[in-house]
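Biologist: I'm new to this one, so could you pick a single part and walk me through it closely?

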Amino acid sequence: MLSYLIWYEVPELEFNRKELAPPLRLKVSTLSPTSYLTKPQHFDTHRNVNIKNAVIRLSALSQESRLSIFRLLVRCGDQGLSAGEIAEHTGIQANTLSFHLRELASAELIQSERKGRSIIYSLAIDGMRDLIHFLTEDCCQGRPELCKTSSDYC
């Protein structure tokens, strides 16, 4: 059985901080430590980060109570609601509600702001927009007429 040793080599080049760093060369060795890959490798870290964020956000929404809270805050918009008002609307107990709010906040789907003695929870528009964009970025194979939303019909 062959074993592979993989390491990165950074060319010894000077570069300005405003410019991109020199490309890394991926070196692969089986028996000979001098065999390089001939094609430059492209690692799509931006897409991997987006996938990771989407998984975190979708898993936060995959629980019934959290989905109810999220949908309630979507309807409220940037006005938001206090934890007590959310509990009244959803029927979730206070100790359980704080756990769900914390999960949604850590997934960057909601945000909180202190107003006087209350904490107001509202929708994190950027987090929701990023999730929707991620889910629909490759939608309909470039045919936007297939992706009309219900608001397009109203």
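Modeller: Happily! Let's start at one pair: Leu81 stands opposite Tyr121 in β5. This is a predicted model, where local features need pLDDT of at least 70 and side-chain atom pairs count only at pLDDT 80 or more, while totals for chains, interfaces and linings use all residues. Residues are numbered from 1 along each chain as its sequence is written, and side-chain values use heavy atoms, leaving out hydrogens and water.

β3 and β5 run antiparallel and are joined by two bridges. Strands here are DSSP runs of E with at least two residues, helices are runs of H or I with at least four, and both are numbered from the N terminus; strands pair if DSSP finds at least two bridges between them. Follow the sheet across and you find three strands in the order β3-β5-β4, forming an open, antiparallel sheet. β3 (81–82) and β4 (110–115) are the edges: each has a single partner strand, so one side of each has no neighbour in the sheet.

From β5, step into the largest nonpolar core, which has 21 residues. Such a core joins buried (under 20% relative accessible area, 1.4 Å probe, protein chains only) Ala, Val, Leu, Ile, Met, Phe, Trp, Tyr and Cys residues through side-chain atoms within 4.5 Å. β5 (118–123) supplies at least two of its residues, as do α1 (45–61), α2 (64–76), α3 (83–90), α4 (94–106) and α5 (125–136). The most come from α2, with four residues. Among the residues with the most contacts inside this core are Ile69, Ile86 and Leu97. Beyond its neighbours within four places in sequence, Leu97 is in contact with Ile69, Ala83, Ile86, Ala87 and Ile92, contact being heavy atoms within 4.5 Å.

Methods:
Buried means under 20% relative accessible area, exposed over 50%, partly exposed in between (1.4 Å probe, protein chains only).
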